Amino acid sequence: MNSVYILTAQGTDIDSFGHVNNSVYIRYLECARWNFFHDNGLLENTISGEMFPVILETSIRYIKEIHMFDKVRIDTQWTCMGGVVCNVHRIYNDQTDVLFAKAKCKLAFVSKDRIICDIPLKVKELIEGNIG
């Protein structure tokens, strides 16, 4: 399953070198993931306090700097592997298709008691294309 999230880099994202700070990329990826859950009606378990997506691992390969007011597009490929959800993110300039960065993330679902759980069935079915 693939998803797309678009944003504009803001002045608050910029560091003293005049480009987006490396830690802001993590926030961008987090926004893209929450947007995916929201757009696909997958927040009820999180909102009810039953289960929460938790990032286990993130790696980012920075390729080109993002500057203030750049239009940014995050294309995400979602897959399930074992008990985790894997994301492969590609971060582009939405106007020129220049690749800014590549990232890989793994997330698990954790109960309110902080126990790693199986991927919720609705999430797994959506990602694996078994809905509909």
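## Briefing: Lys64, the cores and the overall fold

With a relative accessible area of 45%, Lys64 counts as partly exposed. It's a handy way into this chain, which you're looking at as a predicted model. Lys64 sits in the loop that runs between S2 and S3, and its contacts include Tyr25 and Phe100. From there we'll go out to the whole chain, into the cores, and then on to a few single residues.

**The overall fold**

- The protein chain has three helices and six strands. In sequence order they read β-α-α-β-β-β-β-β-α.
- How does the chain compare with a globular protein of its length? Its radius of gyration is 16 Å, close to the 14 Å that the globule rule gives for 132 residues, so the chain is as compact as a globular protein of that length.
- If you want a box for it, the C-alpha atoms fill one of roughly 40 × 30 × 25 Å along the principal axes.
- Take the contacts between residues at least 6 apart in sequence: 63% of them link residues at least 24 apart.

**Surface and charge**

- Of the 132 residues in the chain, 39% are buried.
- The accessible surface adds up to about 7,600 Å², and carbon and sulfur atoms account for 53% of that.
- As for charge, there are 14 positive and 16 negative ones, and their mean positions lie 4 Å apart.

**The nonpolar cores**

- The largest nonpolar core holds 17 residues, and those with the most contacts inside it are Val20, Tyr28, Ile66, Val72, Ile74 and Ile91.
- Which elements give two or more residues to this core? They are strand S1 (2-8), helix H1 (22-39), strand S3 (71-81) and strand S5 (99-111).
- H1 makes the largest contribution here, with five residues.
- A separate core of 14 residues lies apart from that one, with Phe37, Met51, Trp78 and Ile127 among its members.
- Back in the largest core, Ile74 is one of the residues with the most contacts inside it. Leaving out residues up to four places away in sequence, Ile74 touches Ser3, Val4, Tyr5, Leu7, Tyr28, Leu29, Ala32, His89, Arg90 and Ile91.

**Lys64 and Tyr25**

- Setting aside residues up to four places away in sequence, Lys64 touches Tyr25, Val98, Leu99 and Phe100.
- Lys64 and His19 are 45 residues apart in sequence, and their C-alpha atoms are 9.8 Å apart in space.
- Tyr25 belongs to helix H1. Is Tyr25 buried or exposed? Its relative accessible area is 3%, so Tyr25 is buried.
- Beyond its neighbours within four places in sequence, Tyr25 is in contact with Val20, Ile60, Tyr62, Lys64, Ile66, Ile91 and Ala101.
- Tyr25 and Ser3 are 22 residues apart in sequence, with 17 Å between their C-alpha atoms.

**Two asparagines**

- Asn87 is part of strand S4. It's buried, with a relative accessible area of just 1%.
- What does Asn87 contact, leaving aside neighbours within four places in sequence? The list is Arg33, Thr76, Gln77, Trp78, Ala103, Lys104, Cys105 and Leu107.
- Asn21 is in the loop between S1 and H1. Its relative accessibility is 22%, and buried means under 20%, so Asn21 counts as partly exposed.
- Outside its neighbours within four places in sequence, Asn21 is in contact with Asp13 and Asp15.
- Asn21 and His67 are 46 residues apart along the chain, and 9.7 Å separates their C-alpha atoms.

**Positive phi without glycine**

- Phe69 isn't a glycine, yet its phi is positive, near 75°. You'll find Phe69 in the loop between strand S2 (51-62) and S3.
- Is Phe69 buried or exposed? The relative accessible area is 53% and the cut-off for exposed is over 50%, so Phe69 is exposed.
- Asp97 is another non-glycine residue with a positive phi, about 65° in this case. Its place is the loop between strand S4 (84-93) and S5.
- Asp97 has a relative accessible area of 48%; exposed would need over 50%, so Asp97 is partly exposed.

Methods:
Residues are numbered from 1 along each chain as its sequence is written. This is a predicted model: local features need pLDDT of at least 70, side-chain atom pairs count only at pLDDT 80 or more; totals for chains, interfaces and linings use all residues. Side-chain values use heavy atoms; hydrogens and water are left out. Helices (H or I, at least four residues) and strands (E, at least two) are DSSP runs, numbered from the N terminus. The radius of gyration is taken over C-alpha atoms; the globule rule is 2.2 Å times the number of residues to the power 0.38. Buried means under 20% relative accessible area, exposed over 50%, partly exposed in between (1.4 Å probe, protein chains only). Contact means heavy atoms within 4.5 Å. Accessible areas come from the Shrake-Rupley method with a 1.4 Å probe; for residues, only the protein chains shown count as cover. Lys and Arg count as positive and Asp and Glu as negative; His and the chain ends are not counted. The place of a charge is taken as NZ of Lys, CZ of Arg, CG of Asp or CD of Glu. A nonpolar core is a set of buried Ala, Val, Leu, Ile, Met, Phe, Trp, Tyr and Cys residues joined through side-chain atoms within 4.5 Å.
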